[in-house]
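Student: I should like a close look at a single part of this protein, followed outward into its surroundings. Please treat the geometry in some detail.

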Amino acid sequence: MIDQTRLLKALMSVIDEGIHVIDSDGVTVLYNEQAGRNDGLTPEEVIGRHLLDLFPSLTPETSTLLKVLATGQPVPPREQTFANYKGQRVTTINSTLPIFHEGRLVGAIEVSKDVTRVRELSERVAGLQAELLGCRRRRGAPLGGARYTIDDLVGEHPAMTAVKERALKAARTDSPVLVYGETGTGKELLVHAIHAASPRRSRPLVAQNCAALPEGLLESLLFGTARGSFTGAEDRPGLFELADGGTLYLDEINSMQPDLQAKLLRVLQDGRIRRLGDAAERQVDVRVIASTNEEPWAAVSAGRLRRDLYYRINVVTLELPPLRERRSDIPLLTEHFLAQHSARLGAQRRPLSPEVERLFQIHTWPGNVRELEHALEAALQLAGGPEITLIDLPAHLQRAAAEHGLTGQAPSHPPDRPGVIPLRPDRVDPAQLRRSLAHLERAAVQQALEEADWNLSRAARILGLPRQTLQYRIKVLGLQRPDR
């Protein structure tokens with residue numbers, strides 16, 4: 001029979017999380033080695049001692065373990081900064097639960113992750129941000145941080161055109177903006193474009209991903225800290241102060257904890273912030289743009305986005321369509337990324353093979369525009385022939401091609417005449433059919449150009465294509481005016 005005590009000890013020694021269990025008196029009865037590494041102590045030092053003897057900076061009100069003992073209610077994941085009895089400062093993320101036996105509260109258990117180094121590095125980065133911005137202000141250097149404009153949003157699909165038009169209108173106001181779009185649709189690019197088109201363009205654009213940091217650290221980064229607010233804290237401005245006069249972009253706002261969302265709401269309502277541990281309030285002039293990668297009302301319904309905050313930031317909503325819903329923009333995006341990365345990599349600019357073009361039109365693009373860009377960047381570095389073929393694409397796209405029956409194999413028999421590929425009526429080979437269609441496309445485009453005397457706008461109308469799509473097809477097909 002398995003010795004349950006030995007099994008428990010073995011399990012406690014190999015897991016990555018710290019485990020700290022106290023009894024109903026607050027005395028430690030179980031404490032694993034990982035918890036010791038998190039707290040700067042050893043199990044021998046901790047087991048059998050009262051929690052407040054080990055961590056004198058805590059109180060019954062600030063200790064999550066003692067709070068659970070007092071209330072019998074669990075405490076969800078929360079950042080906690082404290083010092084052990086040796087004076088070592090520790091920051092952990094803790095989930096704390098009550099322990100009941102036969103209906104009676106007999107103790108509490110805490111599962112912790114050490115984020116001390118993460119906080120130190122983040123505090124350092126925030127301090128450097130403030131120092132850099134202060135230096136730029138003293139030198140009179142430009143503060144604007146937008147790297148993109150509305151012209152960098154490539155697309156002629158009606159949904160994209162509508163988004164760009166609404167974004168330019170929103171840029172002229174100071175109202176909060178909520179941007180919604182799946183991962184990879186270009187939310188950050190759109191935020192930069194709004195800032196660049198706004199009267200705040202010469203002021204800072206400061207961005208923060210709300211999902212990247214635990215609640216306590218995110219709060220200190222947003223609002224700043226006052227000296228002594230926690231062990232080692234210094235006077236430091238937060239992102240709201242750094243963005244004063246400009247724009248603060250909060251990405252994945254639906255991942256922000258509800259308590260912090262409430263504090264953000266108060267800033268949006270009165271334009272005043274208070275640094276952590278400080279009694280004084282500071283006035284800030286900041287335009288907030290938030291984004292979410294899930295439908296906003298679904299986030300509200302699921303409790304991930306406060307209803308009151310949603311109504312406050314939902315003054316202007318911009319929804320970026322996924323790539324699968326604007327497939328007509330794929331040729332434009334392809335040409336844009338091929339030109340961009342060919343120049344950057346010093347690589348030969350190559351067109352797509354018919355098989356790759358077909359795949360791009362039927363693939364679902366779960367990673368959206370970002371997936372397309374990275375696929376083309378990788379293909380440019382791998383392609384060795386005159387065009388980008390299926391074997392030059394990332395593995396997941398090659399698998400998708402195989403699922404759709406697409407192959408990049410050369411024909412087994414050469415055509416009877418150059419440029420003309422005969423079709424056998426008894427058996428149609430898919431690759432042969434695609435080559436025939438490519439030949440027909442070339443002939444149709446050539447005819448339309450000749451009828452329009454190479455006026456691209458007129459030829460595009462004849463073919464029923466957007467002008468930019470026609471330009472792309474001319475390059476892919478290698479067509480040139482006779483007089484050139």
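Student: What should the 13 residues of helix α11 (residues 258-270) span at 1.5 Å a residue, and how far apart are its end C-alpha atoms?

Tutor: The model is predicted, and every value below is computed from it. At 1.5 Å a residue, helix α11 should span 18 Å, and its end C-alpha atoms are 19 Å apart, so the two figures agree. The span is reckoned as 1.5 Å times one less than the number of residues, which is why 13 residues give the expected value of 18 Å.

The next point is which side chains of this helix are covered. In α11 the buried residues are L260, Q261, A262, L264, L265, V267 and L268. A general property of helices helps in reading such a list: an α-helix has 3.6 residues a turn, so residues three or four places apart point the same way. The partners of the buried residues of α11 are both helices and strands: they pack against the helices α9 (215-223), α10 (239-242) and α13, and against the strands β10 (247-251), β11 (272-273) and β13 (287-292). After the helix comes G271, which has a positive phi near 70 degrees.

Two of these partners, β13 and α13, lead on to other parts of the picture. Strand β13 is one side of the loop that holds E294, with α12 on the other side. E294 has a relative accessibility of 17% and counts as buried, because the limit for that class is under 20%. Its side chain makes two polar contacts with other side chains: one with N254 at 2.9 Å, and one with R304 at 2.8 Å. Leaving aside residues up to four places away in sequence, E294 touches Y180, N254, A299 and R304.

Helix α13 brings in the aromatic residues. W297 lies in helix α12 (residues 296-301) and Y311 in helix α13 (residues 307-313), and their pairing therefore ties together parts that are 14 residues apart in sequence. A pair of aromatic rings is described by the distance of the centres and the angle of the planes. For W297 and Y311 these are 6.4 Å centre to centre and 50 degrees between the planes, a tilted arrangement. The angle falls between the limits of 30 and 60 degrees, so the pair is neither stacked nor edge-to-face. W297 is partly exposed at 33% relative accessibility, whereas Y311 is exposed, with a relative accessible area of 52%. Y310 joins W297 and Y311 in one aromatic cluster. A search of the whole structure finds six aromatic pairs. Another ring, that of Y85, has the charged end of R49 over it, 4.9 Å from the ring centre.

The positive phi of the glycine after α11 invites a comparison with other backbone positions. Most residues other than glycine have a negative phi, and most peptide bonds are trans. W365, which is not a glycine, has a positive phi of about 50 degrees. W365 lies in the loop between α15 (354-362) and α16 (368-382), and it is buried, with a relative accessible area of 0%. N368 also has a positive phi, near 60 degrees, without being a glycine. N368 is found in helix α16 and is buried, with a relative accessible area of 0%.

Beyond α16, P394 sits in the loop between α16 and α17 (395-403). P394 is partly exposed at 22% relative accessibility. Not counting residues up to four places away in sequence, P394 touches A375 and A378. The C-alpha atoms of P394 and L382 are separated by 9.7 Å, with their positions twelve residues apart along the chain counted as their separation.

A further buried polar side chain is that of N38, in helix α2 (residues 33-39). N38 has a relative accessible area of 4% and is buried. A polar contact of 3.2 Å joins its side chain to that of S112. S112 is also among the residues that N38 touches, beyond four places away in sequence, together with G18, V90, T92, K113 and D114.

These local views belong to a protein with 20 helices and 14 strands. Of its 484 residues, 45% count as buried. Among contacts between residues at least 6 apart in sequence, 65% join residues at least 24 apart. The protein exposes about 24700 Å², of which carbon and sulfur atoms supply 52%.

Terms used. Residues are numbered from 1 along each chain as its sequence is written. This is a predicted model: local features need pLDDT of at least 70, side-chain atom pairs count only at pLDDT 80 or more; totals for chains, interfaces and linings use all residues. Side-chain values use heavy atoms; hydrogens and water are left out. Rings of Phe, Tyr and Trp (its six-membered ring) pair if their centres lie within 6.5 Å; planes under 30 degrees apart count as stacked, over 60 as edge-to-face and the rest as tilted. Helices (H or I, at least four residues) and strands (E, at least two) are DSSP runs, numbered from the N terminus. Buried means under 20% relative accessible area, exposed over 50%, partly exposed in between (1.4 Å probe, protein chains only). A charge sits over a ring if NZ of Lys or CZ of Arg is within 6 Å of the ring centre and within 35 degrees of the ring normal. Contact means heavy atoms within 4.5 Å. A polar contact is a pair of N or O atoms within 3.5 Å; within protein, one must be able to donate a hydrogen and the other to accept it, and residues adjacent in sequence count only if both atoms are side-chain atoms. Accessible areas come from the Shrake-Rupley method with a 1.4 Å probe; for residues, only the protein chains shown count as cover.
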